[in-house]
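Open the model in your viewer and keep the sequence panel beside it. This tour goes from stop to stop, saying what to select and what is found there.

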Amino acid sequence: MESDDEAEAPMVPVEVLGVRQQQADQEIVVLLFDTAAELAVPIVIGAREASAIAMAQAGVATPRPMTHDLLRDLLGAVGVSLDRVEIVSLDGGIFFAELVLSTGVRLDSRASDAIALAVRTESPVLCSAEVVAAAGVEVVDLDQQKEVEKFRDFLDHVTAEDFTTPGGPPELGDDTPP
């Protein structure tokens with residue numbers, strides 16, 4: 001059960017920039033960006049969740065529904081919508097999220113699954129201001145802003161297959177077609 005302090009933590013809207021494989025340690029992260037604070041929150045996720053998020057952002061349809069597509073379709077079939085996703089806490093390096101449904105019901109979720117569903121339903125993603133403060137990385141100088149723009153360009157050209165083929169996605173700034 002959550003305390004009143006957790007339930008009342010201020011939430012800030014974040015933009016889902018997309019997924020990226022970090023070159024140093026080969027971890028895959030989804031990047032959330034708080035434009036007001038100019039902080040990016042990297043969340044380490046698995047390859048399948050990365051693929052699910054990237055495919056949804058790219059508008060790639062699969063011949064059969066993936067798990068997150070099924071959840072979206074199930075919610076629609078029972079007349080419930082996803083109002084928003086909230087990244088509510090960070091504990092021991094693990095991000096905790098909640099799905100907030102149109103009925104007022106809140107469901108515990110892994111952050112990666114919540115984000116994948118939010119992208120599919122075009123629902124807003126909010127993040128606890130405390131989580132942004134604790135895990136956010138500054139994006140303030142010109143070089144960092146250029147890196148964000150290169151990453152957005154990368155997202156425009158990456159495909160789901162890039163995450164399942166040996167070698168992974170093309171490097172940022174690589175102008176060769178995927």
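Of the 178 residues in the protein, 38% are buried. The model is a predicted one, so treat each stop as a look at a prediction. Buried here stands for a relative accessible area under 20%, exposed for over 50%, and partly exposed for what lies in between.

**The whole chain**

Switch to a cartoon view. Six helices and eight strands make up the protein. Follow the chain from the N terminus and the elements come in the order α-β-β-β-α-α-β-β-β-α-β-α-β-α.

**Strand β2 and the loop after it**

Select leucine 32, which is found in strand β2. Is leucine 32 buried or exposed? Its relative accessible area is 0%, so leucine 32 is buried. Now add isoleucine 43 to the selection. Leucine 32 and isoleucine 43 are eleven residues apart in sequence, and their C-alpha atoms are 8.0 Å apart in space.

Next, select glutamate 38, in the loop that runs between β2 (28-34) and β3 (39-45). The phi angle of glutamate 38 is positive, about 55°, although this residue is not a glycine. Glutamate 38 counts as partly exposed because its relative accessibility is 32%.

**Helices α3 and α4**

Select residues 67-77 for helix α3 and residues 111-121 for helix α4. Where the two helices meet, their axes come within 9 Å and cross at roughly 60°. That angle makes α3 oblique to α4. The crossing of α3 past α4 is right-handed.

Now colour α4 by accessibility. How many of the eleven residues of α4 are buried? Nine of them are, so α4 is mostly covered. The buried residues of α4 are Ala111, Ser112, Ala114, Ile115, Ala116, Leu117, Ala118, Val119 and Arg120.

Move on to glutamate 122, just after α4, in the loop between α4 and β7 (125-128). Like the glutamate of the earlier loop, glutamate 122 is not a glycine and yet has a positive phi of about 55°. Glutamate 122 counts as exposed because its relative accessibility is 74%.

**Salt bridges**

Show side chains as sticks for this part. Side chains of opposite charge can pair when their charged atoms come close. The structure holds eight salt bridges, and three of them are visited here, beginning with arginine 110 and glutamate 49.

The side chains of arginine 110 and glutamate 49 meet with an N to O distance of 2.5 Å. Arginine 110 is in strand β6 (residues 106-110) and glutamate 49 is in helix α2 (residues 47-58), so this pair ties together parts that are 61 residues apart in sequence. Compare the two partners: arginine 110 is partly exposed at 47% relative accessibility, whereas glutamate 49 is buried at 14%.

Return to the two helices and select aspartate 69 and arginine 120. These residues form a salt bridge, with the closest N and O atoms 2.6 Å apart. Why does this pair tie together parts that are 51 residues apart in sequence? Aspartate 69 lies in helix α3 and arginine 120 in helix α4, so the salt bridge joins one helix to the other. Aspartate 69 counts as buried because its relative accessibility is 12%, and arginine 120, also at 12%, counts as buried too.

Now select glutamate 86 and arginine 84, whose side chains meet in a salt bridge of 2.6 Å, N to O. Glutamate 86 is buried at 7% relative accessibility, while arginine 84 is partly exposed at 25%. Then add Arg72 and Asp73 to the earlier pair of Asp69 and Arg120: salt bridges with shared partners join these four residues into one network.

**A nonpolar patch**

For the last stop, turn on the surface and select Leu71, Leu74 and Val78. Together these residues form a nonpolar patch on the surface, with about 280 Å² of accessible area. Leucine 71 lies in helix α3 and counts as partly exposed because its relative accessibility is 38%. An α-helix has 3.6 residues a turn, so residues three or four places apart point the same way.

Key:
Residues numbered from 1 in each chain as written. Predicted model: local features only at pLDDT ≥ 70, side-chain atom pairs only at ≥ 80, totals over all residues. Heavy atoms only, no water. Patch = residues over 30% accessible without salt bridge, like charges linked within 9 Å, V, L, I, M, F, W, Y side chains within 5 Å. Areas by Shrake-Rupley, 256 points an atom, 1.4 Å probe, with all protein chains shown as cover. Helix = DSSP H or I, 4+ residues; strand = E, 2+ residues; numbered from the N terminus. Buried < 20%, exposed > 50% of the residue type's maximum accessible area, 1.4 Å probe, protein only. Axes fitted to C-alpha atoms, helices over the stretch in contact; angles between N-to-C directions. Parallel < 35°, antiparallel > 145°, perpendicular 65-115°, else oblique. Left-handed = near helix turned anticlockwise from the far one by under 90°.
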